[in-house]
Every structure is written in C-alpha cells, then in structure tokens.
Amino acid sequence: RGDYFATNPRTGRPVDFQEDYAEPFWRRCTAAVRAHMDDAIIFVEPVLDMTDPSKSERPHLTAEQVGRRGYVWAKHCYDGITLLTCSFHRWLSLNPVTNAIVLGRHWIQQSLGASMALFKEETVNMGGGSPVLIGECGIPFRLRRNQDFAHLDPATCALDNTMRAVEIGLVSCTLWNYTAENTNRYGDGWNGADWTWAEDAYG
C-alpha cells in the first residue's frame, strides 16, 4: 500500500507529521523526564519537511503541556547555499523562510537575521511563548576554494555573516561543532564533513 503512511489511522485525515507524531512524542518524553526531574527544561526542534520548506513549523502545546519549567524552541539555521554547496558566495544567498534570492552581503545578513527573529514568533503556541536557542548554526570550513585551509578568508566571511545574523535576530545560538581531534586532512571525522571550529581548523 503506497499510501499506508499518508493518513492518520485514528482520524483518517492526511498526516501532519509534526502534529500527529512529533508533538505527542514530545509530550510523552516530557512526562517521562519530569517524572524523575520535575524542573527539567525540555529542548525541542521542528520536523523538517524538505518537500515544503516554507511550511509553518509552529508547534501547538498548551501551558499545561509545556509545564512550569517550560520548553526551549531549539531550531537549526544555516545559510542554505553555503551549507549545500560547501562554497561561499559573498553576494548571493537564499532567504531560508521564503527561498527568495538575496543579493548583497548586507541584505544576506539582514535576511538571515530576520528569519532567525521569526523563530521567536513561532513559540506563541508553546504555552504562550518559549525561549529560543538556535541549536545548530555555523559553516563548513572545508569550502571548495579553501580546501587546504591555507587561506581562511571565505570561511571567515561566511561565519561572520552567520554571527551577524544571530545579532540582528537577537537570538542565542550554539555553533556546530567543536571536535578536539579535528584535522585539516580528515575534518571532524564524521562522514567527510568539516564543521568544527577546533584550533586545527585555524592552523
């Protein structure tokens, strides 16, 4: 049955993965954790629907479900072109919410920052509002024109764009990632990737 997972068996309606599966999963995990640690703060992130990137990811959680200590909305955010192509285009990017083309470094930073600021608005249905932490952001240091790290200017500019966007959006973030054993030759040791900001990346 090719459409086996297309409808919710309880309601018969087309599946909304976040509403039908992710949010109930969050609630069960929250209950399990808080049964042993009633003041735990729960970090959650949305389901990524790559078939419809502009789809709203706003969760619907009541104040009772969120609980006294609450949730943290911990989405990821990257400059999509840099992420997908492992190359830095100083004057070209895409808005991560609308997928509109953005030209000019100033407007790239403003666009990415405004997108991050929208994350705060998405939390209004999480018991009336929750803190936001960009759980992952950063750049691939092994950019195509920067393979041997002999010249870090593209990486420096790309990371500067991301960090300025964080400031524009007035959000908190964690950089992905720190790997102590990172090397220029092997990167951070995960599937050929090199996203670490370990000292080796800076020579």
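**Entry 1: cavities**

I sorted the lining of the largest cavity by residue type and got two nonpolar, one polar and two charged residues. I note here that I am working on a predicted model. The residues that line this largest cavity are Glu 45, Pro 46, Leu 48, Lys 75 and His 76. Glu 45 and Lys 75 are the charged members, because Glu and Lys count as charged in the grouping I used. His 76 goes down as polar, because His is on neither the nonpolar nor the charged list. I wrote down a volume of about 40 Å³ for the largest cavity.

I then asked how many cavities of 30 Å³ or more there are. The count is two. For the second largest cavity I have a volume of about 30 Å³. Its lining is made of Gly 138, Ile 139, Phe 141, Leu 159, Leu 175, Trp 176, Trp 195 and Trp 197. By type, I get seven nonpolar residues, one polar and no charged. The polar one is Gly 138, because Gly is grouped with the polar residues.

**Entry 2: Ser 93**

I looked up Ser 93 next and found this residue in strand β3, which covers residues 92-94. Is Ser 93 buried or exposed? Its relative accessible area is 4%, so Ser 93 is buried, the limit being under 20%. I then checked what its side chain meets, and found a polar contact of 3.1 Å with the side chain of Asp 79. Asp 79 also turns up in the list of contacts that leaves aside neighbours within four places in sequence. The other entries in that list for Ser 93 are Ile 81, Ala 100, Ile 101, Val 102 and Ile 108.

**Entry 3: salt bridges**

I searched the whole structure for salt bridges and found five. I followed up some of them, including the bridge between the side chains of Arg 13 and Glu 19, where the N to O distance is 3.9 Å. That pair still counts, because the cut-off is within 4 Å. Arg 13 is partly exposed at 45% relative accessible area, and Glu 19 is partly exposed as well, at 42%.

Next I took Arg 105, which forms a salt bridge with Asp 160, with 2.9 Å between the closest N and O atoms. I checked where the two partners sit: Arg 105 is in helix α4 (residues 105-121) and Asp 160 in helix α5 (residues 153-169). They are 55 residues apart, and the pair links distant parts of the chain. Arg 105 has a relative accessible area of 19%, so I list Arg 105 as buried, the limit being under 20%. Asp 160 is partly exposed, at 26%.

Which other side chain meets Asp 160 in a salt bridge? I found Arg 164, with an N to O distance of 2.8 Å. Arg 164 and Asp 160 are four residues apart in helix α5, so about one helical turn separates them. I have Arg 164 as partly exposed, with a relative accessible area of 40%. I therefore close this entry with one network: Arg 105, Asp 160 and Arg 164 are joined by salt bridges that share partners.

Key. Residues are numbered from 1 along each chain as its sequence is written. This is a predicted model: local features need pLDDT of at least 70, side-chain atom pairs count only at pLDDT 80 or more; totals for chains, interfaces and linings use all residues. Side-chain values use heavy atoms; hydrogens and water are left out. On a 1 Å grid over the protein atoms alone, a cavity is a set of points where a 1.4 Å probe fits but cannot get out, and a pocket is an open set with protein on both sides within 12 Å along at least five of seven lines; lining residues have an atom within 4 Å of a point. Grid points are joined across faces, edges and corners, and a volume is the space filled by probe spheres set on the points. Helices (H or I, at least four residues) and strands (E, at least two) are DSSP runs, numbered from the N terminus. Buried means under 20% relative accessible area, exposed over 50%, partly exposed in between (1.4 Å probe, protein chains only). A polar contact is a pair of N or O atoms within 3.5 Å; within protein, one must be able to donate a hydrogen and the other to accept it, and residues adjacent in sequence count only if both atoms are side-chain atoms. Contact means heavy atoms within 4.5 Å.
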